[in-house]
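Student: I have a model open and would like to understand the terms people use for it. Could you go through some with me?

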Amino acid sequence: MIESLVKGLLIAAPFAVVAVFWIMAVRERRLAGNPGARGFFQHNGVPIGIFLLLAVGFWAVVMIVLPQLYMVDYSFHPKLPPKDYGGPKDHYTLENYHYFIFGSTTERDALNTTHLRAFFLTIVCSIVVTFVNFCICYPLAYYMAQAAPASRVRLLMLLLIVPFWVNEILRAFAFRIIFGTSGILNNVLMALGVVAEPIDFLGLDVGLYTGLSYAYLLMMMFPLYNAIESLDRNQIEAARDLGAPWWHIHLNVVMPHAKPGIASGCTMVFMLSAGALAAPQILGGPSSLWFTPIVYDRFYQAFNWPQGSAYAFILLLTCVLFVMAVMRVFKVSLGEITR
Amino acid sequence: MSADVELDRVTIRFGPFTAVRGATLRIQDGEFFSFLGPSGCGKTTILRTISGFLEPSEGTVRIGGRDMRGIGPNRRPTALIFQNLALFPLMSVAENIGYGLRVRGVPAAERKRKVDALLNLIALADQGGKRINELSGGQKQRVAIARALAVEPDVLLLDEPLSALDLKLRQHMRNELRAIQRRVHTTFIYITHDQGEALTMSDRIAVMNAGVIEQVGDGRTVYDNPATPFVASFVGENNPIPGQVAGAANGMAVLETPLGRLAGRNPGGLSAGQAATVFVRPEALRLGEGAAEATFRATVRAIAFEGNLSHVYLKGPAEKDIVLTVGRDASSRVPQQGETASVHFDTRAAVVLAARP
């Protein structure tokens, strides 16, 4: 019964989304107020308008909403062999979420410390990575957007972008070569006599943080650059002329202006770090247990897709809530971020 | 403390380009001083040098006798009002005005008192809580002035702040600026390409062209006794008639021109044979016959009726028409288009200047 209901819903959903877009288009036209303003279809023409509605509707529904909904639905089911799907053993249950907290499906045991610890560590480390990334990118973005001559900006852009043509996994392994116990960095340090014994950078998670920060550098860089670039240089000079020291100008003139860009960059880096898979697996020390590899293992080691779905859903929900909360604190609206 | 601003042989170069060449002048404490010149003449460069955003390539800038080299804009006793005002859009009116005080660590209570006083000065009392984008153009202008005055600068620098306003408001703001300057007794250094602004507001004007200060003087001097052909044609309307000096005596010179022999004052002491130009202002020209060396004849090309007066355009010796202003009193008959008219002038109102070598 429920199964057919869900299937009906899934078929109806795309049409519902198209209808919603249609209503929004009509509403936009009415809200425009002045009679000269053109509506969605007048603006784009009917064929392109229909294409946009269908394409965006398809993308939003089939590529994003449906798979996620499937995962959510999955997470509330027990692990079953395929033949039992929809059979008498198939029922809605919270056992996957229960397992995340208590490490068992039935009794209320002690807490599932391994997974919980990895989960919270992932969140905290992602915050740290985001912060580090911001500290690296902000001065560079400011320099490129306000101080550097145009030719140097182009060169810097190129230097920033080109390394990202290299495969992510390859980049992660390259960091292993640098940070390994017999890696380049340790060799240099020992040759210089700075340290006697090699430092276990990977074990100390230095490699992990560096790798993660580096992996999402551009995600921070571009929103920051765009936001700072749109600031009128005269405002910086005006503040300076009124006697403000440089840090005061950044804190009270540049950063407030760039707030949407900062929020956008930080959100992206945080979300991507929390969901990163390759870098933690390759660069993570033995003591660090990132949450995403656990999710991965639920799917491919334990073959427990419902549980993996539950874990992934928990991570997604936590990240979204966290980001929303932070945005609330800093008084940034979702609309500003997308600007 | 005196806050004279001195430029001592200031030269400013950008790579191979010399923006300002050998500028030397002294602006008195409490003066309303204007730099007047066409765009690209280097006047903004001078302003940015005084405010500290640029360092002179050669020469010295002194404020109150103190050499300003190496002192950044945040530590100079100057405040700059930008062409686009550069108000902080994310701050309220009061926060904008109080910004400089906040930077200086002035306690909140005193800051509020000062900001309120300034809001009164610019007639925006009770509007301190407004956002910048809620203000009209003239109000923004006044907020920018108040923000600059809040830090009690010795010198206020204004970079064409009125250029974005419409004509009526611009004329109103001229008077307002002048009134504010009289009230606060701060040195105002004003940059403009609009000679009307410079003439109405300033105590003294420096006329600039191509990086060089051509003349410094009060409005009347610059208008009546231009020192160079550039000043004569840039400040106010003027009719240049080129020729060659035929004779000079008693401070007067007679020029051989395509329109006949014409005389004028000879402030440069030119002597016979030199190439020169005689400048006569449209309002100095009169219709009808006059003295021998102050009369010429020319064809009327067009007439522009402007209500209180008419402009008569006569065919000049070069491409540019000679313009003549006729008032509306009954005695003056405006000639017809195509007629040949006699025109005369008072030789004391004409000035002969050497052509640029």
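**Strand β8 and the chain contact**

Tutor: Gladly! Strand β8 (residues 187–192) of chain B is mostly covered, with six of its six residues buried. This is a predicted model, where local features need pLDDT of at least 70 and side-chain atom pairs count only at pLDDT 80 or more, while totals for chains, interfaces and linings use all residues. Residues are numbered from 1 along each chain as its sequence is written, and chains are lettered from A and ligands numbered from 1 in the order in which they are written.

Student: What makes a residue of β8(B) buried?

Tutor: A residue is buried if 20 or more other C-beta atoms, placed from the backbone, lie within 10 Å of its own (exposed: 12 or fewer; partly exposed: in between). Thr187(B), Ile189(B) and Ile191(B) on one side and Phe188(B), Tyr190(B) and Thr192(B) on the other are all buried, so each meets that cut-off.

Student: Why is β8(B) said to pair with β7 (residues 155–159) of chain B?

Tutor: Pairing takes at least two DSSP bridges between two strands; β7(B) and β8(B) have five, in the parallel sense, so they pair. Leu157(B) stands opposite Ile189(B) there.

Student: Which residue stands opposite Phe188(B) in β8(B)?

Tutor: That is Phe32(B). Strand β3 (residues 32–36) of chain B pairs with β8(B) in the parallel sense, again over five bridges.

Student: How many residues of chain A are in contact with chain B?

Tutor: 15 residues of chain A are in contact with 16 of chain B, which means C-beta atoms, placed from the backbone, within 7 Å. On chain A's side, α11 (233–241) and α12 (246–274) each supply at least two residues.

Key
Two residues are in contact if their C-beta atoms, placed from the backbone, lie within 7 Å. Helices (H or I, at least four residues) and strands (E, at least two) are DSSP runs, numbered from the N terminus.
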